[in-house]
Amino acid sequence: MGSSLEARVGGGCVFPEDVAALPGAVSRLLSSRLCFTPWTPRGAVAAALPTAAMISLTDTQKIGMGLTGFGVFFLFFGMILFFDKALLAIGNVLFVAGLAFVIGLERTFRFFFQKHKMKATGFFLGGVFVVLIGWPLIGMIFEIYGFFLLFRGFFPVVIGFIRRVPVLGSLLNLPGIRSFVDKVGESNNMV
């Protein structure tokens with residue numbers, strides 16, 4: 001196997017030192033060097049690799065992602081258990097703390113207290129306060145409305161991402177769901 005094969009195949013070579021680590025019968029079959037074609041990702045793997053390579057999280061952001069995930073879990077679990085105020089309070093605190101860890105304190109403050117988002121922030125943080133004082137159902141209604149107003153600029157991006165996920169994308173294309181998702185995805189209010 002010479003250099004002409006390397007040029008034809010377009011791969012790299014493994015030298016005898018590397019082959020010596022292989023089992024005895026395999027290493028005896030191989031000649032002085034083995035040329036191969038490099039593996040190239042295809043399909044979903046190829047689509048995910050550039051995105052995965054671009055995302056680099058600091059340790060603080062990783063902690064924030066964990067806190068945010070636990071916050072969403074506790075909020076969901078608190079709603080399933082008939083609006084348990086303790087779980088909802090823990091979920092609210094973890095969600096807001098996780099958001100602050102992920103994007104930083106200053107950017108979190110700027111996100112929530114922009115002039116055009118004051119109504120949404122009032123509903124969201126007011127809902128958190130109402131949950132903390134002991135009225136979970138009313139507080140969660142305020143929070144959900146405030147959350148929708150705060151994050152509606154992100155919905156088109158999220159819907160576009162979900163449509164590319166194999167199973168979830170086909171669910172979003174069902175007749176009854178598609179029209180609703182298209183209306184939510186049309187939002188031009190970017191944050």
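**Figure 1. The whole chain holds 12 helices and two strands.** Helices here are DSSP runs of H or I with at least four residues, strands are runs of E with at least two, and both are numbered from the N terminus. This is a predicted model, in which local features need pLDDT of at least 70 and side-chain atom pairs count only at pLDDT 80 or more, while totals for chains, interfaces and linings use all residues. Residues are numbered from 1 along each chain as its sequence is written, and side-chain values use heavy atoms, with hydrogens and water left out. Starting at the N terminus, the order of elements is α-β-α-α-β-α-α-α-α-α-α-α-α-α. Of the 191 residues, 24% count as buried; buried means under 20% relative accessible area, exposed means over 50%, and partly exposed lies in between (1.4 Å probe, protein chains only). The accessible surface comes to about 13100 Å², and 72% of that belongs to carbon and sulfur atoms. Accessible areas come from the Shrake-Rupley method with a 1.4 Å probe, and for residues only the protein chains shown count as cover. Among contacts (heavy atoms within 4.5 Å) between residues at least 6 apart in sequence, 52% join residues at least 24 apart.

**Figure 2. The largest nonpolar core has 10 residues.** Its members are Phe95, Leu99, Phe111, Phe112, Ala120, Phe124, Val128, Leu149, Leu150 and Phe151. Two or more of these residues come from each of α6 (85–103), α7 (105–112), α8 and α9. A nonpolar core is a set of buried Ala, Val, Leu, Ile, Met, Phe, Trp, Tyr and Cys residues joined through side-chain atoms within 4.5 Å. In soluble globular proteins, nonpolar side chains tend to be buried together. Take a look at Leu149: leaving out residues up to four places away in sequence, Leu149 touches Lys119 and Ala120.

**Figure 3. Helix α7 has a buried side and a face turned away from it.** Thr108, Phe111 and Phe112 are the buried residues to find in α7. They sit on the same side of the helix because they cover an arc of only 85 degrees around its axis, the arc being that of the directions from the helix axis to the C-beta atoms. The buried residues of α7 pack against α6, α8 and α9. On the face turned away, look for the exposed residues Glu106, Arg107 and Phe109.

**Figure 4. Thr121 is a buried residue of helix α8.** The relative accessibility of Thr121 is 3%, so this residue counts as buried. Apart from residues up to four places away in sequence, Thr121 touches Phe112, Phe113, Gly126 and Leu150.

**Figure 5. Seven side chains form a nonpolar patch on the surface: Phe129, Ile133, Trp135, Leu137, Ile138, Ile141 and Phe142.** The patch covers about 750 Å². Patches are made of residues with over 30% relative accessible area and no salt bridge; like charges are joined within 9 Å, and nonpolar side chains (Val, Leu, Ile, Met, Phe, Trp, Tyr) within 5 Å. Both α8 (118–133) and α9 (136–151) supply at least two residues each, with the largest share, four residues, coming from α9. One residue to pick out is Ile138, which lies in α9 and is partly exposed at 44% relative accessibility.

**Figure 6. Arg163, Arg178 and Asp182 are linked in a network of salt bridges.** A salt bridge is a side-chain nitrogen of Lys or Arg within 4 Å of a carboxyl oxygen of Asp or Glu, and by this rule the count comes to two. Side chains of opposite charge can pair when their charged atoms come close. The side chains of Asp182 and Arg163 meet at 2.6 Å, N to O. This pair links distant parts of the chain, with Asp182 in α12 (residues 175–185) and Arg163 in α10 (residues 155–163), 19 residues apart. Arg178 also bridges to Asp182, with the closest N and O atoms 3.9 Å apart. Arg178 and Asp182 both lie in α12, four residues apart, which is about one turn of the helix. Each residue of the trio is partly exposed: Asp182 has a relative accessible area of 27%, Arg163 is at 32% and Arg178 is at 38%.

**Figure 7. Gln61 lies in helix α5 (residues 59–80).** Gln61 is partly exposed, at 22% relative accessibility. Aside from neighbours within four places in sequence, Gln61 is in contact with Ser56, Phe101 and Val102. Gln61 and Ile103 are 42 residues apart in sequence, yet 7.4 Å apart in space, C-alpha to C-alpha.
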